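Colleague: Please take a single part of this model and describe it closely, along with whatever surrounds it. I would like one connected account rather than a list.

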Amino acid sequence: MTLLIYSYIILNILVNILVRKENKMIALVTGASSGIGRDIARYLSNLDYDLIITSRNEEKLVELKKELGKNTNIIVADLSKEDECKRLYIQVKEKYENIDLLVKNAGLGYFGKFSNTDINN
C-alpha cells in the first residue's frame with residue numbers, strides 16, 4: 001500500500017512539473033517532520049522548489065531545514081486544531097501571494113475496531 005501512495009504522490013508532482021512556470025515554484029508540505037511528508041519535502045527541494053514545511057515537531061522541522069537549505073521556511077502547527085489551521089493559512093497568505101503545490105500529509109489516526117469507533121472522531 002505504501003508503494004501505491006508514493007507512486008500517486010510522485011505522479012502528481014510530475015504532472016505539476018509539466019505545467020511548471022518559469023518562476024520558482026512554492027510548495028506547502030504538511031506533516032513534514034517524518035515519513036512521507038519528509039520524503040516529499042526532500043524530493044521537492046531537489047526539484048528546486050521553495051518550501052514551507054509544517055508539523056507539530058519543531059525540532060524535527062529544524063533538522064529538516066538544515067538538510068534542505070535556505071529556501072525552506074518552517075511553520076510549527078498542530079493541524080488537528082482548527083485555530084492552528086487558520087493561523088497557518090494566515091501566515092502563508094501574508095508571506096506568499098500564492099502556493100503552487102499543497103501536499104496535505106498531516107494526519108491523525110484512530111486505531112481499533114471500526115464498530116467501536118466514535119462517529120465524532
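Modeller: Among the contacts in the protein chain with a separation of 6 or more, 52% are between residues 24 or more positions apart, a contact being heavy atoms within 4.5 Å. This is a predicted model, in which local features need pLDDT of at least 70 and side-chain atom pairs count only at pLDDT 80 or more, whereas totals for chains, interfaces and linings use all residues. Residues are numbered from 1 along each chain as its sequence is written, and side-chain values use heavy atoms, with hydrogens and water left out.

The protein chain holds four helices and four strands, arranged along the sequence as α-β-α-β-α-β-α-β; helices (H or I, at least four residues) and strands (E, at least two) are DSSP runs numbered from the N terminus. Of its 121 residues, 31% count as buried, where buried means under 20% relative accessible area, exposed over 50% and partly exposed in between, with a 1.4 Å probe and protein chains only.

The part I have chosen is strand β2, residues 50-55, in which six of the six residues are buried, so the strand is largely enclosed by the rest of the structure. D50, I52 and T54 point one way from β2, while L51, I53 and S55 point the other way.

Two strands flank this account of β2, and both relations are parallel. Strand β1 (residues 26-30) pairs with β2 in the parallel sense over five bridges, pairing requiring at least two DSSP bridges between the strands, and within that pairing L28 stands opposite I52. Strand β3 (residues 72-76) also runs parallel to β2 and is joined to it by five bridges; here I52 has N73 as its bridge partner, and S55 stands opposite V76. The connection from β2 to β3 passes through helix α3 (residues 58-68), and this β-α-β crossover is right-handed, meaning that with the strands pointing away from the viewer the path from the first strand over the helix to the second runs clockwise. On the other side of β2 in sequence, β1, helix α2 (residues 35-46) and β2 likewise make up a right-handed β-α-β unit.

Helix α2 has twelve residues and spans 17 Å from its first C-alpha to its last, close to the 16 Å expected at 1.5 Å a residue, the expected span being 1.5 Å times one less than the number of residues. Its residues G37, I40, A41, L44 and S45 are buried. They cover an arc of only 135° around the axis, which puts them on the same side of α2; the arc is taken over the directions from the helix axis to the C-beta atoms. After α2 comes D48, with a positive phi near 75°.

At the end of β2, S55 counts as buried at 8% relative accessibility. Leaving aside residues up to four places away in sequence, S55 touches G31, A32, S33, L61, I75, V76 and A77. A polar atom of its side chain also lies 3.0 Å from the backbone nitrogen of N57; a polar contact of this kind is a pair of N or O atoms within 3.5 Å, and within protein one must be able to donate a hydrogen and the other to accept it, residues adjacent in sequence counting only if both atoms are side-chain atoms. N57 in turn caps the N-terminal end of α3, with a side-chain oxygen 3.2 Å from the backbone nitrogen of E59.

In α3 itself, L61, L64 and L68 are buried. Seen down the axis of α3, these buried residues fall within an arc of 65°, so they line one face of the helix. They pack against α2, β2 and β3, whereas the face turned away from the buried side carries the exposed residues E59, E63 and K66. Just after α3, G69 takes a positive phi of about 110°.
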